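Okay, thanks for coming, everyone. I'll put one structure up on the screen and talk you through it, so have a look first.

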Amino acid sequence: SLYYPAGYEAGKKYPMIVYIYEKLSDGVHGYVVPSDKSYYNISVFMSQGYFVFEPDIVFRPRQPGLSVVECVTAGVKKGAAMGPVDPKRVGVIGHSWGGFDTVFLATHTNGVFAGAVAGAPITDLVSNYGNHHWSSGIAETDHIETGQQRMEVPLYEDLPDYIANSAVFNVANMTVPLMIEVGDADGTVFWHQGVELYNIARRAKKNVVLLQYEGEDHGLRQAKNQIDYQRRILEWFGHYLKGEE
């Protein structure tokens with residue numbers, strides 16, 4: 001789905017924000033109420049002069065990261081062709097599983113995205129395999145094999161695909177400025193997944209920023225933090241997609 005910016009003028013080139021999470025086309029006719037507390041609010045993005053593109057992602061078994069690259073990059077090219085989008089000013093954003101998608105795109109695409117924001121991302125399927133879903137008390141092994149990660153088999157039966165579909169192992173080739181958001185009381189995605197990618201990317205001298213919200217869970221609950229995160233997202237894309245200070 002491609003949403004046009006407010007005050008759209010024919011013949012003018014615009015930046016575009018790509019918001020990703022599995023399949024989003026079912027919500028194409030839904031109205032999103034603008035809010036300064038809804039930090040991934042597409043109506044706010046449109047009001048700031050962005051096209052917003054929400055591609056559907058079709059996942060191949062054991063290839064969650066590579067499937068994202070295939071679907072989203074093709075979708076961005078199609079979306080840019082449908083509207084007057086400046087292909088040099090495209091950003092990508094997602095949270096949780098969408099955060100996984102975003103960090104993988106940031107580390108596995110060159111020349112497609114000018115900036116990226118990943119909230120509560122899974123960044124390393126290898127280290128996360130032995131982790132826990134702390135809110136439910138269930139080991140991550142089941143979630144990774146039969147849930148959204150779609151890895152089907154244990155880590156020790158297909159280590160190469162676990163590595164190939166983890167953002168951290170391709171940081172050396174990362175060119176996209178990346179902002180990572182974590183809550184240090186996240187019971188769904190262990191927040192050290194964000195720290196892991198941040199530290200490795202910093203070591204590789206990449207352009208990466210980590211936002212840690214104290215006492216926050218998988219989604220931000222405190223209004224001051226919601227407002228702060230949205231402001232930082234708009235500043236991040238404002239700089240890398242619009243050339244603002």
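I'll go through the sheet, then two helices, then the aromatic rings.

One caveat up front: this is a predicted model, so please keep that in mind throughout.

Right, the sheet. What is the strand order? It goes E1-E3-E2-E4-E5-E8-E9, an open sheet of seven strands with mixed pairing. E1, at residues 2–3, and E9 are the edge strands, each with a single partner, so one side of each has no neighbour in the sheet. Staying at the E9 end, E8 and E9 run parallel and are joined by six bridges. If you want a spot to click on, Met-179 sits opposite Val-209 of E9.

Now the helices. H3, residues 97–108, lies across E4, E5 and E8, and its direction is at about 140 degrees to E4.

Then there's H8, residues 223–242. That's 20 residues, and from first C-alpha to last it reaches 27 Å, close to the 28 Å you'd expect at 1.5 Å a residue. Right after H8 comes Gly-243, with a positive phi, near 80 degrees.

Which residues of H8 are buried? Among them are Asn-225, Asp-228, Tyr-229, Ile-233, Trp-236, Phe-237 and Leu-241, so you'll spot polar side chains in there as well as the greasy ones. What covers those buried residues includes helix H1 (42–47) and several strands, among them E2 (14–19), E4 (85–95) and E9 (208–213).

On to the rings. There are 15 aromatic pairs in the structure. Take Tyr-14 and Phe-51: they're edge-to-face, 5.8 Å centre to centre, with 75 degrees between the planes. Tyr-14 is in strand E2 and Phe-51 in strand E3, residues 51–53, so this pair links parts of the chain 37 residues apart. Buried or exposed? Tyr-14 and Phe-51 are both buried.

The other pair I'd point you to is Tyr-39 with Tyr-229, which is tilted: 5.0 Å between centres and 50 degrees between the planes. Tyr-39 lies in the loop between E2 and H1, while Tyr-229 is in H8, so the pair ties together parts that are 190 residues apart in sequence. Tyr-39 has 11% relative accessibility, so it counts as buried. Tyr-229 is buried too, with a relative accessible area of 0%.

And those two have company: ring pairs link Tyr-19, Tyr-39, Tyr-40, Tyr-213 and Tyr-229 into a cluster. That's what I had, over to you.

How values were computed
Residues are numbered from 1 along each chain as its sequence is written. This is a predicted model: local features need pLDDT of at least 70, side-chain atom pairs count only at pLDDT 80 or more; totals for chains, interfaces and linings use all residues. Side-chain values use heavy atoms; hydrogens and water are left out. Helices (H or I, at least four residues) and strands (E, at least two) are DSSP runs, numbered from the N terminus. The expected span of a helix is 1.5 Å times one less than its number of residues. Buried means under 20% relative accessible area, exposed over 50%, partly exposed in between (1.4 Å probe, protein chains only). Contact means heavy atoms within 4.5 Å. Two strands pair if DSSP finds at least two bridges between them. Axes are lines fitted to C-alpha atoms, for helices over the stretch in contact, and angles run from 0 to 180 degrees between N-to-C directions. Rings of Phe, Tyr and Trp (its six-membered ring) pair if their centres lie within 6.5 Å; planes under 30 degrees apart count as stacked, over 60 as edge-to-face and the rest as tilted.
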